[in-house]
Amino acid sequence: MIKILCAGAGNMGRSHALAYHNIPEFEIVGICTRSAGSREKLNEELGGGYALYDDFYKALKETKPDAVSISTYPDTHALFAKAAFEAGCDVFIEKPLAETVEEAQEIVDSAKANGRKLVIGYILRHHPSWQKFIEMSHDLGKPLVMRMNLNQQSFGDNWETHKNLMSSISPIVDCGVHYVDVMCQMTRSKPVRVAGLGARLSDEIPEGKINYGHLQVTFEDGSVGWYEAGWGPMMSETAFFVKDVVGPKGCVTIEAKEAAGEGASSDVDAHTKTNTLRRHFAELDANNQFVKKDVWEETGDEPDHDELCQREQLFLLDAIQNDVDLTDHMDDAINSMKIVEAADKSFRTGEIVHLD
């Protein structure tokens with residue numbers, strides 16, 4: 001039995017706690033949040049009886065967990081993770097790994113120094129359709145052109161959540177790590193330079209912060225990718241969900257009917273919905289007509305958000321029980337952080353950033 005302390009009870013924290021509650025090998029020993037209402041609501045949803053805390057360090061000391069799940073705001077990730085490692089805990093931590101590459105590297109170094117497991121919440125890595133999307137990209141030749149975005153017309157509670165997040169991190173960093181991670185898996189090539197831009201479209205967010213961003217990344221093999229993310233009630237729901245990869249031999253596109261539905265852009269459960277993968281073949285005959293017709297592929301396995309979070313925690317369980325080497329997993333998280341941080345730097349300096 002793995003005793004686990006859950007820190008954070010927002011959308012992701014709730015889903016991860018639900019997974020631990022339902023996986024027999026885990027035992028929740030505490031729920032820690034800054035908000036009394038959120039931890040009490042989660043406790044009630046899980047059937048009650050869990051120890052509740054408003055101070056992470058007190059919770060860590062009193063519950064003596066084997067593992068810690070961190071789904072708090074990114075400005076706490078480095079401090080909480082390092083404290084957990086030093087207490088002898090394995091750690092699951094929501095993306096982004098930290099606010100900066102420097103902090104992310106500190107977390108990875110601490111995991112290694114203390115001989116503990118670190119799993120980062122890259123939820124798309126556990127989705128069969130996204131795994132298939134990446135696999136199909138490998139048949140397109142090189143270089144690749146990767147086009148992705150996730151704009152969210154957020155309002156109500158979602159807008160409040162986004163405003164809180166943007167006090168420490170931009171949409172291009174928070175969400176962008178997912179999609180540049182996908183790009184890195186598609187190319188398996190070194191990112192070499194990044195350009196970024198951003199805009200502050202609301203007086204409700206702090207000065208110097210942005211709620212819209214765009215990055216362009218070039219890889220060593222000549223592949224290029226762009227990613228766009230914007231949060232807020234002003235965002236358009238037209239072409240807000242683009243997931244497309246193009247190569248010399250054709251392209252693969254995610255056609256997400258549910259995610260593209262009216263009002264779905266701010267629905268976290270819709271963000272992972274793929275529905276159909278469309279494969280286009282570029283080969284032409286002597287008359288410049290296509291040799292093959294487009295084909296549509298489905299995996300037949302379309303887990304919802306809570307199920308995906310459960311699969312993430314089964315991955316954590318396997319890593320702990322079977323001593324899985326997570327070096328590549330951690331290194332990939334650092335690489336994706338380098339790209340989104342470079343995009344933020346490029347926007348602020350107006351210069352292209354060259355990566356080491």
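Is cysteine 175 buried or exposed in this predicted model? Cysteine 175 is buried, at 7% relative accessibility; buried means under 20% relative accessible area, exposed over 50% and partly exposed in between, with a 1.4 Å probe and protein chains only. Residues are numbered from 1 along each chain as its sequence is written. The model is predicted, so local features need pLDDT of at least 70 and side-chain atom pairs count only at pLDDT 80 or more, while totals for chains, interfaces and linings use all residues; side-chain values use heavy atoms, with hydrogens and water left out.

**View 1. Cysteines and the absence of disulfides.** A disulfide is counted as a pair of cysteine sulfur atoms within 2.5 Å. The search of the whole structure finds zero of them. For cysteine 175, the closest cysteine sulfur belongs to cysteine 309 and is 14 Å away, which is too far for a bond. Cysteine 251 is also buried, with a relative accessible area of 17%.

**View 2. Phenylalanine 56 and phenylalanine 80, a stacked pair.** Rings of Phe, Tyr and Trp (its six-membered ring) pair if their centres lie within 6.5 Å; planes under 30 degrees apart count as stacked, over 60 as edge-to-face and the rest as tilted. The count by this rule is seven aromatic pairs. In the pair shown, the ring centres are 4.1 Å apart and the planes meet at 15°, so the pair is stacked. Phenylalanine 56 belongs to helix α3 (residues 56-63) and phenylalanine 80 to helix α4 (residues 77-86), so the pair links parts of the chain 24 residues apart. Helices (H or I, at least four residues) and strands (E, at least two) are DSSP runs numbered from the N terminus. Both rings belong to buried residues: phenylalanine 56 has a relative accessible area of 3%, and phenylalanine 80 is at 14%.

**View 3. Tyrosine 179 and tyrosine 227 within an aromatic cluster.** These two tyrosines form a stacked pair, 5.0 Å centre to centre with 15° between the planes. Tyrosine 179 is in helix α9 (residues 176-187) and tyrosine 227 in strand β10 (residues 224-230), so the pair ties together parts 48 residues apart in sequence. Tyrosine 179 is buried at a relative accessible area of 3%, and tyrosine 227 is buried at 0%. Trp130 and Phe133 join Tyr179 and Tyr227 in one aromatic cluster. Trp130 and Phe133 are also among the buried residues of α6. That helix, residues 128-137, is mostly covered, with seven of its ten residues buried.

**View 4. Helix α4 and its surroundings.** Seven of the ten residues of α4 are buried, so the helix is described as mostly covered. The buried residues are His77, Ala78, Phe80, Ala81, Ala83, Ala84 and Phe85. They pack against α3, β4 (67-70), β5 (90-94), α5 (101-113) and β6 (118-121), where contact means heavy atoms within 4.5 Å. After α4 comes glycine 88, with a positive phi near 85°.

**View 5. Lysines over phenylalanine rings.** A charge sits over a ring if NZ of Lys or CZ of Arg is within 6 Å of the ring centre and within 35 degrees of the ring normal. Lysine 243 lies over the face of phenylalanine 241, at 3.8 Å from the ring centre. Lysine 292 lies over the face of phenylalanine 281, at 4.8 Å.

**View 6. Glycine 196 in strand β8.** The strand covers residues 191-199. Glycine 196 is buried, at 18% relative accessibility. Apart from neighbours within four places in sequence, glycine 196 is in contact with His214, Leu215, Ala343, Ser346 and Phe347.

**View 7. Aspartate 306 in helix α10.** The helix covers residues 305-321. Aspartate 306 is partly exposed, with a relative accessible area of 25%. Leaving aside neighbours within four places in sequence, aspartate 306 is in contact with Arg14, Ser15 and Leu18.

**View 8. The contact between domain 1 and domain 2.** The bounds come from an automatic or database domain assignment, which gives domain 1 (2-121) and domain 2 (125-307 + 336-354). Their centres, taken over C-alpha atoms, are separated by 27 Å. The contact takes 17 residues from domain 1 and 17 residues from domain 2.
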